[in-house]
Amino acid sequence: MAELSYTLLRLLPKNTLSRAVGAACRVSAPRPVMRAVIRAFARKYGVDASEAERPIDEYPTFTEFFTRRLKPGARPIAPGELLPTSPVDGTVGELGDIVESRLYQAKGKHYTLAELIGGPRADEDARQFAGGVFCTIYLAPYNYHRIHAPLGGVIAGYVNMPGQLWPVNPVGVRNVEKLFCVNERLTTFLKTARGPCGVVAVGATNVGRIRALYDDVVTNARRTRQPERKLYPAPVRVEKGGELAVFEMGSTVVLLFAPGVKLSPRLVPGMAIRLGEALE
């Protein structure tokens, strides 16, 4: 069944379809219609509406509901300048040491740092994380979909890589070779008190777009069909837990840390994790 599904997906214009879905989600509809759509989605996926910063009936579009902020204090950020924290709500996928610049995707499947980051200077960008650690976190439809800084410091730049939009759910991870390297992705580079950190937001089927909040960067847009790499001459300051980007529909984040960071042994594949929880 999984093979048949992926054969059919291979034939679909996934990027065009995803742009259309994203555009539809940003369109306003009569309030009773939008209220019914949002309530139905929340019931189906078990969204905890009580955490939203405003009542879910007040969101004028589905995208505004999906990218909702949370009430102040809903996600305490574990304190400590040197303590990395989860940048998102989600489910831990694979994690571990980056050995010979390779990361683990699933049984029998690996990819390299340079393939993940991509762009015109991928080898140079990847070198700073060689010998470090990585952690993959999958965001389901019911999760909160804003991405935050795991450590405070400065935003040094980004790489925006156009690509395909395969599903990034567990079935996709097991079946698509180098999934996180062929899908669209936005890598945000941070300079922190623990060294370089990379936050790789990976697009997926029906993810209308990934939108950076520190610059005019949007994925899966007709204007960005070539790799784009930008380093800031005056880096942008960001607090630990500060907002970096938004998923307009769910996807995956791959966290990259330089040597010196050691992930906590309590972190295991399949466990739920929340924004602000300690990773070390």
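**Exercise 1. A small sheet**

Which residue in E11 does Arg209 stand opposite? Describe the sheet around this position, keeping in mind that the model is predicted.

*Solution.* Step one: find the partner. Arg209 stands opposite Glu248 in E11.

Step two: place the strands. E9 and strand E11 (residues 243-248) are paired in the antiparallel sense, over four bridges. A further position along this pairing is Ala212, which faces Ala245 in E11.

Step three: step back to the sheet. This is an open sheet of three strands in the order E5-E11-E9, with antiparallel pairing. Its edge strands, each pairing on one side only, are E5 and strand E9 (209-212). On average, and ignoring direction, neighbouring strands here are turned by 20 degrees against each other.

Step four: look at the two faces of E9. In a regular strand, side chains alternate between the two faces of the sheet. For E9, the covered face carries Ile210 and Ala212, while Arg209 and Arg211 are on the uncovered one.

**Exercise 2. A histidine in the edge strand E5**

Is His148 buried or exposed, and what does the side chain of His148 reach?

*Solution.* Begin with the location: His148 is part of strand E5 (residues 146-148). Next, the accessibility: the relative value for His148 is 7%, and with the cut-off for buried set at under 20%, His148 therefore counts as buried.

Now the polar contact. A polar atom of the His148 side chain lies 2.7 Å from the backbone oxygen of Gly241. Finally, list the surroundings: beyond four places in sequence, His148 touches Pro87, Gly241, Gly242, Glu243, Leu244 and Leu275. Gly241 thus appears both in this list and as the polar partner.

**Exercise 3. The eight-stranded sheet and a tyrosine pair**

What is the strand order of the open sheet of eight strands, and which kind of ring pair do Tyr158 and Tyr232 form?

*Solution.* First, trace the order: E10-E6-E7-E8-E12-E4-E1-E13, with antiparallel pairing. Strand E10 (228-238) and strand E13 (272-273) are the edges, each pairing on one side only.

Second, zoom in on one end. Strand E6 (residues 153-161) and E10 run antiparallel and are joined by seven bridges. Within this pairing, Gly157 stands opposite Leu231 in E10.

Third, turn to the rings, starting with the count: the whole structure holds eleven aromatic pairs. One of these, between Phe41 and Phe65, waits for Exercise 4. That Phe65 is buried, at a relative accessible area of 0%, is worth noting now. As for the tyrosines, the ring centres of Tyr158 and Tyr232 are 6.4 Å apart and the planes meet at 55 degrees, so this pair is tilted. It links distant parts of the chain, with Tyr158 in strand E6 and Tyr232 in strand E10, 74 residues apart. Both Tyr158 and Tyr232 are buried.

**Exercise 4. Phenylalanines from two helices**

Why does the pair of Phe41 and Phe65 tie together parts that are apart in sequence?

*Solution.* Start with the total of eleven aromatic pairs in the structure. The Phe41 and Phe65 pair is edge-to-face, at 6.1 Å centre to centre and 85 degrees between the planes. Phe41 belongs to helix H3 (residues 31-45) and Phe65 to helix H4 (residues 62-66), so the pair ties together parts 24 residues apart in sequence.

Then check burial: Phe41 counts as buried at 13% relative accessibility. Widen the view, and Phe41 and Phe65 turn out to form one aromatic cluster with Tyr45, Tyr59, Phe62 and Phe66. To finish, find the charge: Arg68 lies over the face of Phe65, 4.7 Å from the ring centre.

**Exercise 5. Two residues of strand E7**

Where is Arg185, where is Thr192, and which backbone atoms do their side chains reach?

*Solution.* Take Arg185 to begin with. Arg185 is in strand E7 and is buried, with a relative accessible area of 2%. The Arg185 side chain reaches the backbone oxygen of Glu115 at 3.0 Å, and a polar atom of that side chain lies 2.4 Å from the backbone oxygen of Leu116. Across the chain, the C-alpha atoms of Arg185 and Asn160 are separated by 6.1 Å, although these residues are 25 residues apart.

Now Thr192, in strand E7 (residues 185-192). Thr192 is buried at 13% relative accessible area. Polar atoms of its side chain lie 3.0 Å from the backbone nitrogen of Arg194 and 2.7 Å from the backbone oxygen of Gly195. Leaving aside neighbours within four places in sequence, Thr192 is in contact with Leu151, Gly152 and Cys197.

Conventions: Residues are numbered from 1 along each chain as its sequence is written. This is a predicted model: local features need pLDDT of at least 70, side-chain atom pairs count only at pLDDT 80 or more; totals for chains, interfaces and linings use all residues. Side-chain values use heavy atoms; hydrogens and water are left out. Buried means under 20% relative accessible area, exposed over 50%, partly exposed in between (1.4 Å probe, protein chains only). A polar contact is a pair of N or O atoms within 3.5 Å; within protein, one must be able to donate a hydrogen and the other to accept it, and residues adjacent in sequence count only if both atoms are side-chain atoms. Contact means heavy atoms within 4.5 Å. Two strands pair if DSSP finds at least two bridges between them. Axes are lines fitted to C-alpha atoms, for helices over the stretch in contact, and angles run from 0 to 180 degrees between N-to-C directions. Rings of Phe, Tyr and Trp (its six-membered ring) pair if their centres lie within 6.5 Å; planes under 30 degrees apart count as stacked, over 60 as edge-to-face and the rest as tilted. A charge sits over a ring if NZ of Lys or CZ of Arg is within 6 Å of the ring centre and within 35 degrees of the ring normal.
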